[in-house]
Amino acid sequence: PGPARLARLPLARVKALVKADPDVSLASQEAVFVLARATELFVETIAKDAYVYAQQGKRKTLQRKDLDNAIDAIDEFAFLE
């Protein structure tokens with residue numbers, strides 16, 4: 001399986017986002033794959049942490065306040081404030 005099968009995000013969309021940055025003139029397929037995979041891991045991590053707050057509220061559905069609570073409580077997400 002090639003890199004496209006290992007990423008869940010569509011690599012063409014990720015590449016389009018990378019190209020939209022005026023500071024980026026060229027991006028290899030490997031770089032696009034790594035960005036897609038890093039994004040997937042980031043979203044997975046923040047979703048798991050936010051789900052803990054949803055469970056505390058006896059809910060199974062994430063809400064914006066759950067994400068806000070995770071961002072406030074976890075130092076690694078401080079850059080999102």
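## L9, its surroundings and the helices of a predicted model

L9 is partly exposed, with a relative accessible area of 32%, a value that falls between the 20% limit for buried and the 50% limit for exposed residues. The model described here is a predicted one, and within it L9 belongs to the loop that runs between α1 (3-6) and α2. When neighbours within four places in sequence are set aside, L9 is in contact with V14, A36, T39 and E40. A47, by comparison, is separated from L9 by 38 residues in sequence and by 16 Å in space, C-alpha to C-alpha.

**The annotated span**

UniProt, in an unreviewed entry, lists residues 7-71 as "domain: Transcription factor CBF/NF-Y/archaeal histone". In the model, the C-alpha atoms at the two ends of residues 7-71 lie 25 Å apart, and the secondary structure of this span is 71% helix and 0% strand.

**Two buried acidic residues**

E40, one of the contacts of L9, is found in helix α3, which covers residues 29-56. E40 is buried, its relative accessible area being 8%, and its side chain reaches backbone nitrogens of two residues: that of R8 at 2.4 Å, and that of L9, which lies 2.8 Å from a polar side-chain atom of E40. Beyond the neighbours within four places in sequence, the contacts of E40 are L6, A7, R8 and L9.

D66 has its place in helix α4 and is likewise buried, with a relative accessible area of 1%. A polar atom of the D66 side chain lies 2.8 Å from the backbone nitrogen of Q63. Not counting residues up to four places away in sequence, D66 touches A50, Y53, A54, R59 and T61.

The polar contacts of these two side chains are set out below.

| Side chain | Backbone nitrogen | Distance |
|---|---|---|
| E40 | R8 | 2.4 Å |
| E40 | L9 | 2.8 Å |
| D66 | Q63 | 2.8 Å |

**Helix α2 and the nonpolar core**

Helix α2 (residues 11-20) has L11, V14 and V18 as its buried residues. Because they cover an arc of only 60° around the axis, these residues lie on the same side of α2. On the other side of the helix, A12, R13, L17, K19 and A20 are exposed.

Where do L11, V14 and V18 belong in the largest nonpolar core? They are joined there by A7, V32, F33 and A36, which makes seven residues in all. Helices α2 and α3 each supply at least two residues of this core. In soluble globular proteins, nonpolar side chains tend to be buried together.

**The aromatic cluster**

The structure holds two aromatic pairs. In one of them F42 and F77 meet edge-to-face, with 6.0 Å centre to centre and 85° between the planes. Since F42 lies in helix α3 and F77 in the segment after α4 (64-73), this pair ties together parts that are 35 residues apart in sequence. The partners are not equally accessible: F42 is partly exposed, with a relative accessible area of 31%, whereas F77, at 4% relative accessibility, counts as buried.

F42 also pairs with F79 in a tilted arrangement, 6.2 Å centre to centre and with 45° between the planes. F79 lies in the segment after α4 while F42 lies in helix α3, so this pair ties together parts that are 37 residues apart in sequence. F79 is exposed, at a relative accessible area of 59%. Through these ring pairs F42, F77 and F79 are linked into a cluster.

**K58 in the loop between α3 and α4**

K58 is found in the loop between α3 and α4 and, at 78% relative accessibility, counts as exposed. Its phi is near 60°, a positive value in a residue other than glycine. Most residues other than glycine have a negative phi.

Definitions and conventions
Residues are numbered from 1 along each chain as its sequence is written. This is a predicted model: local features need pLDDT of at least 70, side-chain atom pairs count only at pLDDT 80 or more; totals for chains, interfaces and linings use all residues. Side-chain values use heavy atoms; hydrogens and water are left out. UniProt positions are given in the numbering used here, feature names are shortened, and annotations may be inferred rather than shown by experiment. Helices (H or I, at least four residues) and strands (E, at least two) are DSSP runs, numbered from the N terminus. Buried means under 20% relative accessible area, exposed over 50%, partly exposed in between (1.4 Å probe, protein chains only). A polar contact is a pair of N or O atoms within 3.5 Å; within protein, one must be able to donate a hydrogen and the other to accept it, and residues adjacent in sequence count only if both atoms are side-chain atoms. Contact means heavy atoms within 4.5 Å. The arc is that of the directions from the helix axis to the C-beta atoms. Rings of Phe, Tyr and Trp (its six-membered ring) pair if their centres lie within 6.5 Å; planes under 30 degrees apart count as stacked, over 60 as edge-to-face and the rest as tilted. A nonpolar core is a set of buried Ala, Val, Leu, Ile, Met, Phe, Trp, Tyr and Cys residues joined through side-chain atoms within 4.5 Å.
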